[in-house]
Amino acid sequence: MRILDPHIHMTSRTTDDYEALYAAGVRVVVEPAFWLGQPRTSVGSFTDYFDSLLGWERFRAAQFGVRHHATIALNPKEANDPRCRDVLAEVPRYLLKDGVVAVGEVGYDSMTPEEDEVFAAQLQMAQDAELPALVHTPHRDKLAGTRRTLDVVRESGLPPERVLVDHLNETTVALVRDAGAWAGFSIYPDTKMDEGRMVALLQEYGTDRMIVNSAADWGRSDPLKTVKTARAMLAAGFTEDDVDQVLWRNPVAFYEQSGNLVLDPVPGFTEGAGPAAGVEYEGSSVLRGVRA
Ligand SMILES: [Zn+2]
């Protein structure tokens, strides 16, 4: 099984997680720039964060055989803080860097006028840089938020096939599919989508333009939710090829539009040979959970 996790915040995860991801077949990850919990008070703390996503985190992932990429943006929540707004002037130069596969996460948190402005401005940056966009939908008032999101995408002129609308559920999936965009689902341990509901959506809507991620971060989350969804698909009668489409070929097709996706194995981590010597993780409880 080969997996690309298209939305995972590895900065907030441990090396045990990288080892477990590799062991479970996750070879490529995309880490969207996001809110870090503690409010940032200056542009410098954003640019240090972007540099760390594109430098340190990429290096750290490679040590465990995982190809790491990032999406760059001012996130919707901090779009509301005037101290953060000037980061918009810095985003375009980051969009030109190696390893950047989209503009993101952009979209709505509380649907304020500030968020409107920042969302539209960054979709324009995606146009200018010829990159796809990863769009976050709000956790509250999801249906209205998704409708408004799709209106803004339409007005931006960005082709819908260059847009992945994320954190969808049963109430929002049809809107996004009808708009021609990619549909993203974050699978969580105890909130929002779970594996069983995801499988039901795949049975209803099919496997085209459907993308699954773990969205793991510093909250209660599980970086192996992609793998667990794949296993739930197989258990429900989907084929290995269906699993490969949803967990690998779909996210590859979406992010390949950037021209910056690297899929070759990390040197020293050839397929079938397992992780490089010295990487030992048999005792990981996370891994035991997956094998059980
Ligand atoms: Zn996220």
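**A parallel sheet and helix 8**

In this predicted model, glycine 206 sits just after helix 8 and takes a positive phi of about 85 degrees.

User: Happy to start with the sheet: in what order do its eight strands run?

Analyst: Glad to help! The sheet is open, and its pairing is parallel. Strand 1 (3–5) and strand 8 (210–213) each pair on one side only, which makes them the edge strands. Reading across the eight strands, the order is 1-2-3-4-5-6-7-8.

User: Which residue in strand 4 does alanine 70 stand opposite?

Analyst: Let's look at the pair of strands involved. Strand 3 (residues 67–72) pairs with strand 4 (residues 100–107) in the parallel sense, over three bridges. Opposite alanine 70, in strand 4, stands valine 100.

User: What angle does the direction of helix 2 make with that of strand 3?

Analyst: Helix 2 (residues 43–54) packs on the sheet, where it touches strand 2, strand 3 and strand 4. Its direction and that of strand 3 make an angle of about 155 degrees.

User: Within what arc do the buried residues of helix 8 fall?

Analyst: Good one to check by eye. In helix 8 (residues 195–205), the buried residues are Glu195, Met198, Val199, Leu201 and Leu202. What covers them includes helix 7 (173–178), strand 7 (182–186), strand 8, helix 9 (225–235) and helix 10 (240–256). Seen down the helix axis, these buried residues line one face, because they fall within an arc of 160 degrees.

User: At the start of helix 8, which residue's backbone nitrogen does a side-chain oxygen of aspartate 194 reach?

Analyst: Look at the start of helix 8, where aspartate 194 offers that oxygen. It comes to within 3.2 Å of the backbone nitrogen of glycine 196.

Technical notes. Residues numbered from 1 in each chain as written. Predicted model: local features only at pLDDT ≥ 70, side-chain atom pairs only at ≥ 80, totals over all residues. Heavy atoms only, no water. Pairing = 2+ DSSP bridges. Helix = DSSP H or I, 4+ residues; strand = E, 2+ residues; numbered from the N terminus. Contact = heavy atoms within 4.5 Å. Axes fitted to C-alpha atoms, helices over the stretch in contact; angles between N-to-C directions. Buried < 20%, exposed > 50% of the residue type's maximum accessible area, 1.4 Å probe, protein only. Arc of directions from axis to C-beta. Polar contact = N/O pair within 3.5 Å; in protein donor to acceptor, adjacent residues only side chain to side chain.
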